[in-house]
Amino acid sequence: MSTADLLSIDPLELKFPFELRKQISCALQLSNKTDNYVAFKVKTTNPKKYCVRPNTGVVLPRSTCDVIVTMQAQKEAPPDMQCRDKFLLQSVKVNDGAFAKDITAEMFNKEAGHVVEECKLRVVYVSPPQPPSPVREGSEEGSPPRASASDNGHANAAEFAAAAKQFSEGLEAQDKSFEARALITKLTAEKNSAIQQNNKLRQELELLKRQSSKSGSGVSFMVVILIGLIGIIMGYIMKK
């Protein structure tokens, strides 16, 4: 885990259980333990090979954000299962109430005087889970002799089929886990967006309240509308 001033990143290695012709995902968690809004951006040395969602965003104060990195299906295995791909995660402090749509490339420009934190992440290929190998107990003294290979043909086939089924179920469970993480990420992003919209409306409401004391009923009517909108958004957040 990286413990930078703005964002903590876990893990620092993107581990992919490599399999040919199969799309594989890996999750990152970004934690903002500060009282500031922090924008982030994820870059990679091989953008055609990976899909990052979201690749930019804003992490609210004292909250977390999940990032899903998906490697496209590969037709060939790399030599010695070594990968030289790298990722770079940049983070920078932004104004309170900032949205993901407000992020620009200029924010991460060090030459412009911005204080940008950077964390490098490496990619590691790991072997996929293997099915258990059928192991037969050795014959003990006094036990009947083993049956011939032809006699055990059906038993070995049944054991192999059971092992293959167990392996397939393991892969399905892994795929469902990735899908669940992706869904959680989407719901978290929607919730964060709703919270940011609520904060923005509250700021506008305070501004209109101050103006209402000077102008009159027209502004007061807008205040009533904004209060209603905030109530709707808060109800949406509570449902999430």
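The lining of the largest pocket in this predicted model is made up, by class, of 7 nonpolar, 6 polar and 1 charged residues. About 240 Å³ of space lies in this pocket, and of the 14 residues that line the pocket, Val 58, Ala 100, Ala 189, Ser 193 and Gln 196 lie nearest its centre. Two elements, β7 (56-59) and α1, each supply at least two residues of that lining, and α1 gives the most, with 5 residues. Because domain 1 (7-126) and domain 2 (161-239) both contribute residues to the lining, the largest pocket lies between the two domains.

Enclosed space is also found, since the structure holds 2 cavities of 30 Å³ or more. The second largest cavity has a volume of about 30 Å³, and its lining consists of Pro 54, Cys 65, Asp 66, Thr 185, Thr 188 and Ala 189. Ala 189 is thus named both in this lining and among the residues nearest the centre of the largest pocket. At least two lining residues of the second largest cavity come from each of β8 (63-71) and α1 (153-212), with α1 providing the largest share, 3 residues. By class, this lining has 3 nonpolar, 2 polar and 1 charged residues. Domain 1 (7-126) and domain 2 (161-239) both give residues to the second largest cavity as well, so the cavity lies between them.

For the chain as a whole, the secondary structure comes to 2 helices and 10 strands, and when it is read along the sequence the order is β-β-β-β-β-β-β-β-β-β-α-α. Of the 240 residues, 33% count as buried. Among contacts between residues at least 6 apart in sequence, 71% join residues that are at least 24 apart.

In soluble globular proteins, nonpolar side chains tend to be buried together. Here the largest nonpolar core has 27 residues, and within this core Phe 16, Phe 40, Tyr 50, Val 69 and Phe 87 touch the most other members. Two or more residues of this core come from each of β2 (7-10), β3 (13-17), β4 (24-32), β5 (37-44), β6 (50-53), β8, β9 (86-94) and β10 (117-126). If residues up to four places away in sequence are left aside, Val 69 touches Leu 14, Phe 16, Ile 24, Ser 25, Cys 26, Leu 28, Tyr 50, Cys 51, Val 52 and Phe 87. Another core, of 10 residues, lies apart from the largest one and includes Tyr 37, Ala 39, Val 94 and Ile 103.

Most residues other than glycine have a negative phi, and most peptide bonds are trans. Against that background, the table lists four places in the backbone.

| Place | Backbone value | Loop |
|---|---|---|
| Asp 10 to Pro 11 | cis, omega near 0° | Pro 11: between β2 and β3 |
| Arg 53 to Pro 54 | cis, omega about -10° | Pro 54: between β6 and β7 |
| Arg 62 | phi near 55° | between β7 and β8 |
| Met 81 | phi near 55° | between β8 and β9 |

Pro 54, which follows a cis peptide bond, is also one of the residues that line the second largest cavity. As for the two residues with positive phi, Arg 62 is exposed, with a relative accessible area of 56%, whereas Met 81, at 29% relative accessibility, counts as partly exposed.

Methods. Residues numbered from 1 in each chain as written. Predicted model: local features only at pLDDT ≥ 70, side-chain atom pairs only at ≥ 80, totals over all residues. Heavy atoms only, no water. 1 Å grid on protein atoms, 1.4 Å probe; cavity = no way out; pocket = protein on both sides within 12 Å on 5 of 7 lines; lining within 4 Å. Points joined across faces, edges and corners; volume = space filled by probe spheres on them. Helix = DSSP H or I, 4+ residues; strand = E, 2+ residues; numbered from the N terminus. Nonpolar A, V, L, I, M, F, W, Y, C, P; charged D, E, K, R; others polar. Domains from an automatic or database assignment. Core = buried A, V, L, I, M, F, W, Y, C linked by side-chain atoms within 4.5 Å. Buried < 20%, exposed > 50% of the residue type's maximum accessible area, 1.4 Å probe, protein only. Contact = heavy atoms within 4.5 Å.
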